Amino acid sequence: MTPLVIAHRGASWDAPENTIEAFELAIAQGADYVEFDVRPTPRGTLVCAHDPVRGELPVGTPTLDETLETLRGRVGLAVEIKHHATTSRTLQALEHHAIKPDETIIVSFHRRAIEKTGALRPDLRTIQHVQRVPLRWAAQNAWGAGFWDPRATRGRIERAQKLGLATAVYTVNEPDRMRELAARGVTGIFSDRPALLREILQNG
């Protein structure tokens, strides 16, 4: 199985992360999924930003609605919920923009975001990042486990696979590591360099 190419915050090696420019470039570079972070502003607007939003937004920060309208139907979406309290509103936005379930993966470090997604939208796949969450919990509540690359050992990946979990690793930018993870049969690889990852997967 060829791993999914998941563009981490878009093609963020070549363009500012979590921007429409980076998302568009990721599509051009052959990504299967564009990953982006969702956070609220102090006024409650959902935007694509990795860090907490305080004061004015950085130039180029898109709203979640703008991002969904731009990307829907063109590429898979890996939507990382950075604050569990925004889960319901994020799911409502996906429904409002008619994002297809089979083109959507909800990602989070927060158990409550994964649990709520499972309760409200059981048709959506979810990836529980397991840096601070047991694999067994992920196996009972999520479709997949997301591993931080330094902790994505052969043993942990194999254990997750035996538990029936899809496996994804973030953030992988070196060619040799891309090849190694592909050989281990991971389901997806998050990378800032989707063009390079696509090339590696196609040509070895």
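This passage looks at helix 3 and its surroundings in a predicted model. Residues are numbered from 1 along each chain as its sequence is written, and side-chain values use heavy atoms, leaving out hydrogens and water. Local features need pLDDT of at least 70 and side-chain atom pairs count only at pLDDT 80 or more, while totals for chains, interfaces and linings use all residues.

Helix 3 spans residues 87-96; helices here are DSSP runs of H or I with at least four residues, strands are E runs of at least two, and both are numbered from the N terminus. Thr87, Thr90, Leu91, Ala93 and Leu94 are its buried residues (under 20% relative accessible area, against over 50% for exposed and in between for partly exposed, with a 1.4 Å probe and protein chains only). Seen down the helix axis, these residues fall within an arc of 155°, so they line one face of helix 3. The face turned away from that buried side carries the exposed Gln92, Glu95 and His96.

What do the buried residues of helix 3 pack against? Their partners include strand 2 (33-40), helix 2 (64-71) and helix 4 (111-120).

The last of these partners deserves a further look. The axes of helix 3 and helix 4 come within 10 Å and cross at roughly 45°, which makes helix 3 oblique to helix 4 (neither under 35 degrees, roughly parallel, nor over 145, roughly antiparallel, nor 65 to 115, roughly perpendicular). Thr87, Ser88 and Leu91 of helix 3 make the contact with Ala113, Lys116, Thr117 and Leu120 of helix 4, contact meaning heavy atoms within 4.5 Å.

Terms used:
Arc of directions from axis to C-beta. Axes fitted to C-alpha atoms, helices over the stretch in contact; angles between N-to-C directions.
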